[in-house]
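Biologist: I am a first-year student, and I would like a close look at a single part of this model. Please pick the surface that faces one of the partner molecules, and then show me how some of the helices are arranged.

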Protein chains: 2
Amino acid sequence: MPKLGMEPIRKTALVKATILEIGRAGSLDVTVGQIAKRAGMSTALAHHYFGGKEQIFLAAMRHILSLYGAEVRGALAAAKTPEARLEAILLASFSATNFRREVVSAWLNFYVLAQTVPGARRLLHIYQRRLHANLTHALRPMLGARAAPVARALGALIDGVYLREALSERPSDGRASVAMIQAYLAAELNREKTTELKGAAL
Amino acid sequence: MPKLGMEPIRKTALVKATILEIGRAGSLDVTVGQIAKRAGMSTALAHHYFGGKEQIFLAAMRHILSLYGAEVRGALAAAKTPEARLEAILLASFSATNFRREVVSAWLNFYVLAQTVPGARRLLHIYQRRLHANLTHALRPMLGARAAPVARALGALIDGVYLREALSERPSDGRASVAMIQAYLAAELNREKTTELKGAAL
DNA sequence: TTTTTTGTTGATTGACGAGTCAATAAACTT
DNA sequence: AAGTTTATTGACTCGTCAATCAACAAAAAA
């Protein structure tokens with residue numbers, strides 16, 4: 001019963017199934033058979049469309065990344081002030097989506113993959129650069145030249161907080177994480193004011 | 001030629017070989033055969049002493065953790081002021097040791113393992129709690145009651161910076177990381193002063 | 001209508017790997 | 001000396017899995 005134009009349908013089905021299976025296994029120890037079964041087709045077809053396991057994983061990584069990117073863009077679109085922009089990035093980064101089992105698993109395993117698979121490493125750097133650009137853009141009006149270094153620290157802080165939250169025994173929703181990071185930012189902003197105050201005090 | 005008392009020798013040889021193999025593979029996709037071969041024995045012996053692959057991995061994780069713990073304790077012993085204590089923790093956390101291929105691989109894969117293997121998760125939480133305790137202890141004299149929340153953020157920041165540094169294309173030595181984190185701390189300490197200044201300004 | 005392209009799978013290949021076991025041997029105990 | 005514990009391995013079992021292939025079916029092109 002071959003209907004034509006199946007390729008994109010099959011491919012997205014495989015990508016989604018891959019992410020779900022990675023979540024179920026908690027690792028990349030997932031067989032093409034399991035993926036294909038969940039996607040409702042034979043293993044041969046999975047190989048037909050993707051050519052191999054690694055390419056399926058890379059496609060899954062791209063998918064996760066593009067989901068996150070869309071979430072950030074969506075939140076960012078509605079934000080007008082720099083503060084709102086920052087909050088939008090944080091809320092998108094710590095949304096419930098990103099704490100779903102499969103998504104956490106995908107991210108952790110992508111870090112592992114990024115060590116050895118050049119394609120995976122490239123994707124990870126794309127994510128990091130995009131985050132850095134978004135943060136710098138939001139911080140510039142508040143911090144001027146100091147925006148870039150603060151954005152670098154902030155990016156690392158986001159990753160670190162996510163890592164801990166994702167692996168904590170009782171994961172709270174992301175609000176506590178967002179608040180914690182905003183507190184850090186408050187300290188950084190405070191610096192500017194301190195300089196002014198010191199000037200006024202003299 | 002069975003000399004007695006081989007058990008501890010064989011076990012540590014296996015643990016070290018495991019870590020090296022994980023570094024070589026970049027993942028836990030490592031066979032007992034490879035580990036045993038590198039450790040200079042048969043696979044049967046590896047199974048004899050550890051009972052299974054998972055227990056070998058857990059022993060390796062324990063080993064990495066104890067190495068890190070020793071490094072921190074060593075650095076901490078020589079530190080007398082709170083500031084020195086903090087710097088000791090940072091220097092130990094970003095020492096060259098922790099950026100060796102095998103060590104990075106081990107950490108990344110242990111994060112993955114911690115999702116599904118209870119023993120691994122427990123070990124990870126031991127690490128996190130110990131780090132938090134060390135940080136809180138060092139921060140208390142400077143920050144008083146605010147030591148705990150700042151220590152939580154600082155712990156996450158350390159993990160996040162390590163993650164990025166470990167996966168960056170040209171890894172610098174840890175000095176830049178340490179400096180970045182100290183800058184964050186400076187902002188936090190600044191807060192206290194700001195409060196005082198504000199009081200004085202009124 | 002023949003041919004080509006696209007979709008699809010069951011069956012197979014070829015390889016690898018975790019864990020077990022029986023057997024061998026040295027050292028220690030009684 | 002006989003028996004027990006510890007060390008050690010080669011060979012084997014049983015299972016899995018990625019990748020390939022031949023073959024079938026339907027739609028589109030010629």
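Modeller: Happily! Let us begin with the surface near DNA strand D, whose residues divide into 12 nonpolar, six polar and four charged. Please keep in mind that this is a predicted model. There are 22 residues around DNA strand D, and those that come nearest are Thr31(A), Val32(A), Lys53(A), Met6(B) and Arg10(B). On the DNA side, sugar and phosphate account for 74% of the atoms of strand D that come within 4 Å of the protein.

Now look at some individual contacts. Arg10(B), one of the nearest residues, has a side-chain N or O atom 2.9 Å from a phosphate oxygen of DNA strand D. Gly5(B) uses its backbone instead: an N or O atom there lies 3.4 Å from a phosphate oxygen of the strand. With Tyr49(B), the partner is a sugar or linking oxygen of DNA strand D, which sits 3.3 Å from a polar side-chain atom of the tyrosine.

Which helices build this surface? Helix 3 (43-50) of chain A, helix 1 (6-25) of chain B and helix 3 (43-50) of chain B each supply at least two of its residues. Helix 3 of chain B gives the most, with four residues.

Next, turn to how helices pack inside a chain. In chain A, helix 1 (residues 6-25) and helix 4 (residues 53-77) have axes that come within 9 Å and cross at roughly 90°. The two are therefore roughly perpendicular to each other. Helix 1 of chain A brings Val15(A), Lys16(A), Thr18(A), Ile19(A) and Ile22(A) to the contact, while helix 4 of chain A brings Ile56(A), Phe57(A), Ala59(A), Ala60(A), His63(A) and Ile64(A). By class, that makes eight nonpolar residues, two polar and one charged.

Chain B offers another pair to look at. Helix 7 (residues 118-143) and helix 8 (residues 147-167) of chain B pack with their axes 8 Å apart, at an angle of about 130°. That angle makes helix 7 of chain B oblique to helix 8 of chain B. The crossing of these two helices is right-handed. Among the residues in contact are Leu131(B), Leu135(B) and Leu139(B) from helix 7 of chain B, and Ala151(B), Leu154(B) and Ile158(B) from helix 8 of chain B. The full contact has 11 nonpolar, four polar and three charged residues.

Methods:
Residues are numbered from 1 along each chain as its sequence is written. Chains are lettered from A and ligands numbered from 1 in the order in which they are written. This is a predicted model: local features need pLDDT of at least 70, side-chain atom pairs count only at pLDDT 80 or more; totals for chains, interfaces and linings use all residues. Side-chain values use heavy atoms; hydrogens and water are left out. Axes are lines fitted to C-alpha atoms, for helices over the stretch in contact, and angles run from 0 to 180 degrees between N-to-C directions. Angles under 35 degrees count as roughly parallel, over 145 as roughly antiparallel, 65 to 115 as roughly perpendicular and the rest as oblique. A crossing is left-handed if the near helix is turned anticlockwise from the far one by less than a right angle, and right-handed if clockwise. Contact means heavy atoms within 4.5 Å. Ala, Val, Leu, Ile, Met, Phe, Trp, Tyr, Cys and Pro count as nonpolar, Asp, Glu, Lys and Arg as charged, and the others, Gly among them, as polar. A residue is near a molecule or strand if one of its heavy atoms lies within 4 Å of it. A polar contact is a pair of N or O atoms within 3.5 Å; within protein, one must be able to donate a hydrogen and the other to accept it, and residues adjacent in sequence count only if both atoms are side-chain atoms.
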